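Good morning, and thank you for making time for this presentation. Please take a moment to look at the sequence and the structure before I begin.

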Amino acid sequence: MGGRSRSTRQQRIVEHVLAQGSASSAELVELTGVSLMTVHRDVDELARRGLVRKYRGGVSAQPTSVFESHSDYRRSVRRAEKEAIARAALDFVEPGSSIMLDDSTSALALAHLLDDVGPLTVVTNYLPAVDVLKGLPEVRLIALGGDYSRTHDSFNGIACTESIAAMAVDLAVVSTSSMTGSMTYHQEQEVVVVKRAMLDAAARSVLLMDSSKSPRRALHRLRPVDAFDAVVVDAGTDPAVLSEMREHTAVTVAPAPGG
């Protein structure tokens with residue numbers, strides 16, 4: 001119980017700081033109802049994980065682009081929608097095939113479901129996905145190495161992209177930070193390079209996108225929507241974006257969580 005309550009408390013701190021931009025230690029004591037010493041311990045841990053920045057007497061939020069890229073943050077938000085999208089995406093995974101999963105939490109949600117599909121060969125650069133897949137007896141797991149990013153909890157860089165380029169898989173399952181009805185984007189160049197390599201290595205590709213990611217743009221274009229064989233979204237996706245996507249590719253709308 002202690003671990004869960006600490007995790008819940010720290011998530012509240014992060015959400016508060018993100019919403020307000022900054023917070024004093026006294027504010028966080030009032031918010032959480034714990035001692036100043038416990039708040040300091042929480043803040044120290046959150047700062048080590050790169051989720052917040054400490055300053056004398058308080059804490060501030062990381063820039064939005066840094067924060068939204070952080071694996072811990074991405075794993076904590078839109079979980080029900082991502083799980084619904086993953087269940088719908090399972091239809092694209094064929095037993096006996098080889099698939100590549102990027103370092104998105106949407107693809108991670110799919111990894112949790114692959115025990116029912118095997119045998120499969122699964123290639124990924126995302127450490128949380130490796131942790132899930134290594135325990136599945138029907139999965140042959142290939143882990144991609146390279147430059148480790150603590151923010152993304154994954155491997156990128158030249159070694160990673162060269163390893164991907166040497167492979168040919170049946171399916172790539174990826175997500176990204178933002179999209180419009182016709183284009184996908186990501187704010188970080190090194191992430192774009194790896195995702196593009198994965199898409200180039202695959203015979204077919206599926207894009208998983210929860211509705212918080214559209215319509216939005218980011219610095220770097222990833223690929224046009226028509227470059228994907230299919231897109232899977234959740235039921236909250238903007239109807240205008242959905243209509244435009246359907247002009248470019250096949251679109252599956254996952255049932256609403258609990259619906």
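I shall speak about helix pairs, several individual residues in loops, and some features of the backbone.

Please keep in mind throughout that this is a predicted model.

Let me begin with how helices pack. In general, two packed helices are described by the angle between their axes and the distance between those axes. At what angle, then, do the axes of helix 2 and helix 3 cross? Helix 2 covers residues 25-32 and helix 3 covers residues 36-48; their axes cross at roughly 105 degrees and come within 9 Å. Helix 2 is therefore roughly perpendicular to helix 3, since angles of 65 to 115 degrees are placed in that class. On the side of helix 2, the residues that meet the partner are Ser25, Leu28, Val29 and Thr32, and on the side of helix 3 they are Leu36, Val39, His40 and Val43. Sorted by class, this contact of helix 2 with helix 3 holds five nonpolar residues, three polar residues and no charged ones.

The second pair is helix 9 with helix 10. Their axes also come within 9 Å, and the crossing angle is roughly 10 degrees. Helix 9 and helix 10 are therefore roughly parallel to each other. Helix 9 contributes Gly157, Cys160, Thr161 and Ile164 to the contact, while helix 10 contributes Val193, Val194, Ala197 and Met198. By class, the contact of helix 9 with helix 10 comprises six nonpolar and two polar residues, with no charged residue.

I should like to stay with helix 10 for a moment. Helix 10 spans residues 189-200, which is 12 residues, and from its first C-alpha to its last it reaches 17 Å, close to the 16 Å expected at 1.5 Å a residue. Which residues of helix 10 are buried? They are Val191, Val192, Val194, Lys195, Ala197, Met198 and Leu199. As general background, an α-helix has 3.6 residues a turn, so residues three or four places apart point the same way.

In helix 9, which runs over residues 157-165, we also find Ala165. Is Ala165 buried or exposed? Ala165 counts as exposed because its relative accessibility is 63%, and the cut-off for that class is over 50%. Between Ala165 and Ala202 there are 9.9 Å in space, C-alpha to C-alpha, although the two are 37 residues apart in sequence.

I turn now to residues in loops. Ser175 sits in the loop between strand 9, residues 169-174, and strand 10, residues 178-179. With a relative accessibility of 1%, Ser175 counts as buried. A polar atom of the Ser175 side chain lies 2.5 Å from the backbone oxygen of Leu208. Setting aside residues up to four places away in sequence, Ser175 touches several others, among them Asp102, Lys195, Leu208 and Lys213.

Leu114 belongs to the loop between helix 7 and strand 5. How accessible is Leu114? Its relative accessibility is 0%, so Leu114 counts as buried. Beyond its neighbours within four places in sequence, Leu114 is in contact with Leu90, Val93, Ile99, Leu101, Leu120, Val122, Leu133 and Leu136. For one of these partners, Leu136, the C-alpha atom is 8.1 Å from that of Leu114, with the two positions 22 residues apart along the chain as the separation.

Thr237 lies in the loop between strand 14, residues 230-233, and helix 11, residues 239-246. Thr237 is buried, at a relative accessible area of 6%. Its side chain reaches the backbone oxygen of Asp234 at 2.9 Å. Apart from neighbours within four places in sequence, the contacts of Thr237 are Ser211, Ser214, Leu242 and Met245.

Finally, the backbone itself. Where do we find cis peptide bonds? One joins Gly118 and Pro119, with omega about 5 degrees, and Pro119 lies in the loop between helix 7, residues 105-111, and strand 5, residues 120-124. Another runs from Ser214 to Pro215, with omega near -5 degrees. Pro215 is placed in the loop between strand 12, residues 202-209, and strand 13, residues 220-224.

Asp153 has a phi near 55 degrees, a positive value in a residue other than glycine. Asp153 is in the loop between strand 7, residues 147-149, and strand 8, residues 154-156. At 18% relative accessibility Asp153 counts as buried, since the cut-off for that class is under 20%.

Thank you for your attention.

Note on methods:
Residues numbered from 1 in each chain as written. Predicted model: local features only at pLDDT ≥ 70, side-chain atom pairs only at ≥ 80, totals over all residues. Heavy atoms only, no water. Axes fitted to C-alpha atoms, helices over the stretch in contact; angles between N-to-C directions. Helix = DSSP H or I, 4+ residues; strand = E, 2+ residues; numbered from the N terminus. Parallel < 35°, antiparallel > 145°, perpendicular 65-115°, else oblique. Contact = heavy atoms within 4.5 Å. Nonpolar A, V, L, I, M, F, W, Y, C, P; charged D, E, K, R; others polar. Buried < 20%, exposed > 50% of the residue type's maximum accessible area, 1.4 Å probe, protein only. Polar contact = N/O pair within 3.5 Å; in protein donor to acceptor, adjacent residues only side chain to side chain. Expected span 1.5 Å × (residues − 1).
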